[in-house]
Amino acid sequence: MTTNGGHEPVFCTVVPPHVLDKLARSEDSALSGAARRTLERDALERTRRRLTTVVGAPAITAPAGAEPGTPHRTIYDARHGTDLPGHKVRGEGEEPGTDATVNRAYAGLGATFELLLMAYGHDSIDGNGLPLDATVHYDRDYNNAFWNGEQMVFGDGDGEIFLDFTLPVDVIGHELSHGLTQYAANLTYFGQPGALNESMSDVFGALIKQYTLGQTAAEADWLIGAGLLAPRVTGVALRSMKAPGTAYDDDVLGKDPQPATMDGYVRTGRDNGGVHINSGIPNHAFYLVATALGGYAWERAGQIWYDVLTGGELRQQALFVDFATLTVKAAKDRYGQGDELTAVLKAWEQVGVRTL
């Protein structure tokens with residue numbers, strides 16, 4: 001455990017290892033080289049996070065005298081190096097500069113903060129005004145974005161397969177939401193609890209995008225990372241919550257392997273037990289609940305998921321059945337025997353996850 005509120009932070013990336021593994025085997029050195037360097041960098045950062053967990057990370061708190069309910073954002077520029085956090089380029093309340101990547105990162109942190117506060121009364125990702133830090137222009141041709149337990153980091157992409165990782169606001173929201181999960185439930189990053197961890201980030205990433213755009217559940221595209229893939233890629237995003245397994249089907253990337261139901265559950269030792277793959281199942285369940293209820297997804301559907309994540313009953317080793325059962329309880333507790341409960345029960349039944 002760390003000294004950071006008693007939580008054990010993990011290293012979480014938005015691009016799954018299986019995607020980079022596929023790219024690393026490409027015969028095109030322009031593609032394989034960037035993918036291999038990204039995998040090597042990810043492995044190093046993962047090791048650093050593990051060592052930090054052992055020795056303890058410094059506690060991060062809101063600045064002295066900070067007013068509750070206000071964001072405290074700082075954006076740093078790694079200048080294509082790997083030393084974190086890098087050079088400070090924009091602080092809270094400062095005017096935007098000429099670097100669009102910096103401005104998007106700043107806005108994305110703000111969008112995440114705003115959704116959590118306005119929809120759920122949650123002050124930053126820890127509920128206590130935690131400062132939000134992000135580093136942009138990390139490394140060269142770095143094909144990922146990650147949360148390292150303390151801050152956000154964004155690569156610029158290689159321009160061949162991936163574009164700038166600050167382009168989709170849901171990618172920013174996804175990675176910051178790993179921090180939300182870290183502080184609220186500390187879900188173990190392996191197997192089904194790890195897939196739930198990834199799914200929570202996709203859920204809140206999607207909600208942040210929809211909140212920012214003012215979209216209803218029916219209007220939303222339910223894609224994670226739309227706009228991130230370069231034009232040469234045959235695909236629309238990294239993942240689809242509406243139709244897991246359909247986000248891309250590309251000669252280089254391969255086919256999106258996410259299942260939508262337990263019939264397609266993937267048992268693997270790779271990617272921490274398939275956390276980025278099997279997250280498609282709870283992702284699809286949330287999509288079904290949100291679209292069945294209609295309106296803005298962050299309201300009733302999002303409220304139920306938020307209640308479970310922050311309610312104190314979600315254990316670190318929770319399986320899909322445990323999470324599903326808690327959503328049933330949360331729906332009853334907040335909304336009674338209404339449409340919300342019906343939608344939750346039906347959604348988990350459709351994806352093949354039982355509730356107790």
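Buried means under 20% relative accessible area, exposed means over 50%, and partly exposed lies in between (1.4 Å probe, protein chains only). This is a predicted model, where local features need pLDDT of at least 70, side-chain atom pairs count only at pLDDT 80 or more, and totals for chains, interfaces and linings use all residues. Residues are numbered from 1 along each chain as its sequence is written, and side-chain values use heavy atoms, without hydrogens and water.

Q: Why is Arg 232 called partly exposed?
A: Its relative accessible area is 43%. Partly exposed is the class between 20% and 50%, so Arg 232 belongs there.

Q: What is Arg 232 in contact with, leaving aside neighbours within four places in sequence?
A: Contact means heavy atoms within 4.5 Å. Asp 28, Leu 31, Glu 160, Ile 161, Asp 250 and Val 252 meet that for Arg 232. Arg 232 itself sits in the loop between β7 (223-224) and β8 (239-240); strands are DSSP runs of E, at least two residues, and helices runs of H or I, at least four, numbered from the N terminus.

Q: Why is α3 called oblique to α4?
A: The axes of α3 (residues 100-120) and α4 (residues 169-184) cross at roughly 55° and come within 9 Å. Angles under 35 degrees count as roughly parallel, over 145 as roughly antiparallel, 65 to 115 as roughly perpendicular, and the rest as oblique. The crossing angle therefore makes α3 oblique to α4.

Q: Which residue classes make up the contact of α3 with α4?
A: Eight nonpolar, three polar and one charged. Gly counts as polar and Arg as charged. Among the contact residues are Arg 104 and Gly 108 of α3 and Gly 173 of α4.

Conventions:
Axes are lines fitted to C-alpha atoms, for helices over the stretch in contact, and angles run from 0 to 180 degrees between N-to-C directions.
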